[in-house]
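Let's take a look at how side chains pair up inside a protein model. Have the sequence and the 3D view open as you read.

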Number of protein chains: 2
Amino acid sequence: MELERVFHRIDETFDRTVAELTAFCAQPSISAQGIGMQEMAALVAARFRDLGADVLPHGFDSGYPVIFARLAGQSPRRLLFYNHYDVQPPDPLDQWRSPPFQPEVRDGFFYARGAADNKGSLVARLAALRAFREVTGGLPVSVGYVVEGEEEVGSPHLVAFVDAHRAALTGDGLIWEGASADQQGNPVLRLGNKGTLHVELRATGPSSDAHARFGGIFPNPIWKIVWALGLVRGPDGRVRLPGFYDSVVPPSPAEDALYDRLGADAGPLLGRYGLKASFPPRPAREMMVELYARPTCTLTGIGGGYQGPGGKTIVPSAAFAKLEFKLVPEQNPDTLLEALRAHLVAEGCDVEVQLLSRGYPSKTPLDHPFADLVRVTGERVYGRPFTIEPTSSGTGPRYAFTRWSSIPVVAVGGAHAGSMIHGPNENIQLEELRLHTKHVAALMQAMAGGVDASRT
Amino acid sequence: MELERVFHRIDETFDRTVAELTAFCAQPSISAQGIGMQEMAALVAARFRDLGADVLPHGFDSGYPVIFARLAGQSPRRLLFYNHYDVQPPDPLDQWRSPPFQPEVRDGFFYARGAADNKGSLVARLAALRAFREVTGGLPVSVGYVVEGEEEVGSPHLVAFVDAHRAALTGDGLIWEGASADQQGNPVLRLGNKGTLHVELRATGPSSDAHARFGGIFPNPIWKIVWALGLVRGPDGRVRLPGFYDSVVPPSPAEDALYDRLGADAGPLLGRYGLKASFPPRPAREMMVELYARPTCTLTGIGGGYQGPGGKTIVPSAAFAKLEFKLVPEQNPDTLLEALRAHLVAEGCDVEVQLLSRGYPSKTPLDHPFADLVRVTGERVYGRPFTIEPTSSGTGPRYAFTRWSSIPVVAVGGAHAGSMIHGPNENIQLEELRLHTKHVAALMQAMAGGVDASRT
């Protein structure tokens, strides 16, 4: 079998794959701080060129280039990939056992900033492409590969890039940057993400801090913020904006069937954060429905007046609150921003609402044949069942690809529950790297063969 | 007339009075920073000994001594005085035209930290005592003089001191540290102060900041604080604690008659802080009723989560709010603290209420004969009417003296509306210093003679 020869090649060249991951992770590429970005983009582009890809780094007036690589395949099928070459800042440095940009393998785990998020999955996919080419001289499917450098700073240019290259960005499926195995060690397949609306509420009082003796007659910006927020969400946890829940779709029966399994993660998750119960209190299964299928309304920051120890008797001059909604499909951050502003105006609130960021939900149906193909090919490689997440509980720029097309987007591979993504001692298990490489190879082979997932 | 000779002596020794104020203000005495405190206490004690007073500095295990000076008089009447020898920190230093502890006279104004609050009135009163002794060989009334060193840090030892010396702290009236002339330049006579209850509300969420994806299931400490505060005061400005307004007494007809005059200050006050209207919107006169006769509920600080530019998608681990009530007579901070805690518990709020500071209201009746004597003797000296404030809009430690006795307490003299108390370029008008000196002399003389104020 051709695929077995490819698997064999992946195994016998695995040291090379690890060496390539080492090279990628030894190159800092911190988009938030502008460190090593052009060097990393050049490194990624060179690796695609080595594979014979048609590569064009797309630059912008500001920000970092998108690497867009295309490789022709032997079937009419076309698979897209999305990764990013930037990483989070490595601090706090004193909590790393080995320097973040000096990769080190300990007990089968590979430690470095970016190993899990997401240079590991990028290197694994490159290794799968390479193994196919070395064994068969080509690829079973055409590949379009997008690697941006601004994911960790909110992907400010990705929508414009995708919009400008719609014709070249069609395909039969898109493999997203990556997913982490669940707390039980089962690989995860994730089909979407939530949208986001992050705003800052600002209020003003006297032109400078005033003596608190005037507290009875001067407007107080902290009270303005508190009252406005009280109109947004109540102590029962429900959002009070008119119509907020109108477009929230309950989980389908197929999705609903997934929550028993996902609920197994709830206890360990709460425990890791010193919590005994969710807010509002819910059983584990219901907590997972909340996490994946319902919108959130989270205060991420608040400030105003005196912050030090003890008290200072003032009427402060200004106050703010940062408020983030995560939205499920059919909710729209633009509509919500308008609704929020209108609600606060209608209630007579004297606060300004400034947009910090917005992003759109994106979701691939659970029963999409591509999702099933990814699952089935993966379960053969991993030898264990996948945990299906109907969506991420977080956000991401999938909508750059899905807002104008119905391409199915699936995230798999790369990390485990202890990968410490964004944290110190970020790591990936080398065995996971190997499995993800084989999974991608198996998926390409199956797509070319038009394998009917339902009959496996 | 004896008083005219005393006035003459005050005038001819006025340079000496200014020199004494210079010496007092050249000595830093910053209680909050522990700078120059023992030196200043020694300076004050020495000045009282020069007058022949019986002086005993009373120390405590911590903090700074109280100077308690007693001088016998020629009548059975006894007048008490309260001042403090500590000052506020002088920063921001770059906003001073001359160094804060190098006094400088410019255009009849004396500039130094402490000049107005309140070394000026202390020096004026010492000058009045000295002039009487030099002219008549004695004092018309007995004097008990308390000068503490911790007023600017909340007078933590004053209650204990006064309680320990109740027998020696009786008298026919008490002249409080000082008052500032109003915006129209009329001297102010102030008869009380509000009480205070300053608390910190604290709430916790996950044991460390968590990803905002968990916003739908993790408790959020900022939301807890916001919901708790919404139960304390509503957007109409009304405090929502059960019974909060029950013991608030409406102004008496005599007090009510004062608010037309006090209302003249409302426009300039709002304008100085860039405000066009009060909150809630009220006419000027009503604003003054609010300022003096009603309790306040002021958020003095709030904090939690991400405070920097842009957004950071977290569920924060902790949040706090600082909340200060200013209370009118018949309201009690101890009762209120209990009521606040009980209210939040009853409403199911998961917040902790920590006491930051508390103080009690104190008020001398408008029609007290001592208050009238102070006013009448003052109007003769100043040649213009006094503005009567039934109470201060702020707080202070008068209750240390009034909680166990019915001694009338009146604040007069020392500063003007532009004295920049607690601010840079603090100053006093030399002419005000002279007038306050004469006013105190006239008051002592009148007390000794049992002058009936109503017949002047």
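What follows is a short tour of charged pairs, aromatic rings and cysteines.

Keep in mind that this is a predicted model.

**Charged pairs**

Side chains of opposite charge can pair when their charged atoms come close. Over all chains, the count comes to 58 salt bridges. Here are three of them, with the gap between the closest N and O atoms.

| Positive residue | Negative residue | Closest N and O atoms |
|---|---|---|
| Arg70(A) | Asp54(A) | 3.5 Å |
| Arg9(B) | Glu12(B) | 2.9 Å |
| Arg403(B) | Asp163(B) | 3.0 Å |

Arg403(B) sits in the loop between H13 and strand E19 of chain B, while Asp163(B) belongs to helix H5, so their salt bridge ties together parts that are 240 residues apart in sequence. Arg403(B) is partly exposed at 47% relative accessibility, and Asp163(B) is partly exposed too, at 29%.

The pair in helix H1 of chain B is a more local affair: Glu12(B) and Arg9(B) are three residues apart, which means about one helical turn separates them. In chain A, Arg70(A) is in strand E2 and Asp54(A) in strand E1, so that pair links parts 16 residues apart in sequence.

Salt bridges can also join up into a network, and one such network links Arg9(A), Glu12(A), Arg16(A), Glu20(A), Arg47(A), Arg130(A) and Glu134(A).

Now for a charged residue without a partner. How far is Glu150(B) from the nearest side chain of opposite charge? That side chain is Arg403(B), 15 Å away, and Glu150(B) is buried with no salt bridge. You'll find Glu150(B) in the loop between strand E6 and helix H5 of chain B. Among its contacts beyond close sequence neighbours are Ser62(B), Tyr64(B), Asp86(B) and His157(B).

**Aromatic rings**

The whole structure has 32 aromatic pairs over all chains. In one of them, Trp176(B) and Phe401(B) meet edge-to-face, 5.9 Å centre to centre with 80 degrees between the planes. Trp176(B) is in strand E7 and Phe401(B) in helix H13, so the pair ties together parts 225 residues apart in sequence. Trp176(B) is buried at 5% relative accessibility, and Phe401(B) is buried at 3%.

Over in chain A, Phe48(A), Phe81(A) and Tyr145(A) make up one aromatic cluster. Rings can host charges as well: Arg238(A) lies over the face of Tyr245(A), 4.0 Å from the ring centre, and the charged end of Arg106(B) sits over the ring of Tyr111(B), 3.9 Å from its centre.

**Cysteines**

How many disulfides are there over all chains? Zero. Take Cys297(B): its closest cysteine sulfur, in Cys349(B), is 14 Å away, so the two are too far apart for a bond.

Methods. Residues are numbered from 1 along each chain as its sequence is written. Chains are lettered from A and ligands numbered from 1 in the order in which they are written. This is a predicted model: local features need pLDDT of at least 70, side-chain atom pairs count only at pLDDT 80 or more; totals for chains, interfaces and linings use all residues. Side-chain values use heavy atoms; hydrogens and water are left out. Rings of Phe, Tyr and Trp (its six-membered ring) pair if their centres lie within 6.5 Å; planes under 30 degrees apart count as stacked, over 60 as edge-to-face and the rest as tilted. Helices (H or I, at least four residues) and strands (E, at least two) are DSSP runs, numbered from the N terminus. Buried means under 20% relative accessible area, exposed over 50%, partly exposed in between (1.4 Å probe, protein chains only). A charge sits over a ring if NZ of Lys or CZ of Arg is within 6 Å of the ring centre and within 35 degrees of the ring normal. A disulfide is a pair of cysteine sulfur atoms within 2.5 Å. Lys and Arg count as positive and Asp and Glu as negative; His and the chain ends are not counted. A salt bridge is a side-chain nitrogen of Lys or Arg within 4 Å of a carboxyl oxygen of Asp or Glu. Contact means heavy atoms within 4.5 Å. Lists of a residue's contacts leave out its neighbours within four places in sequence.
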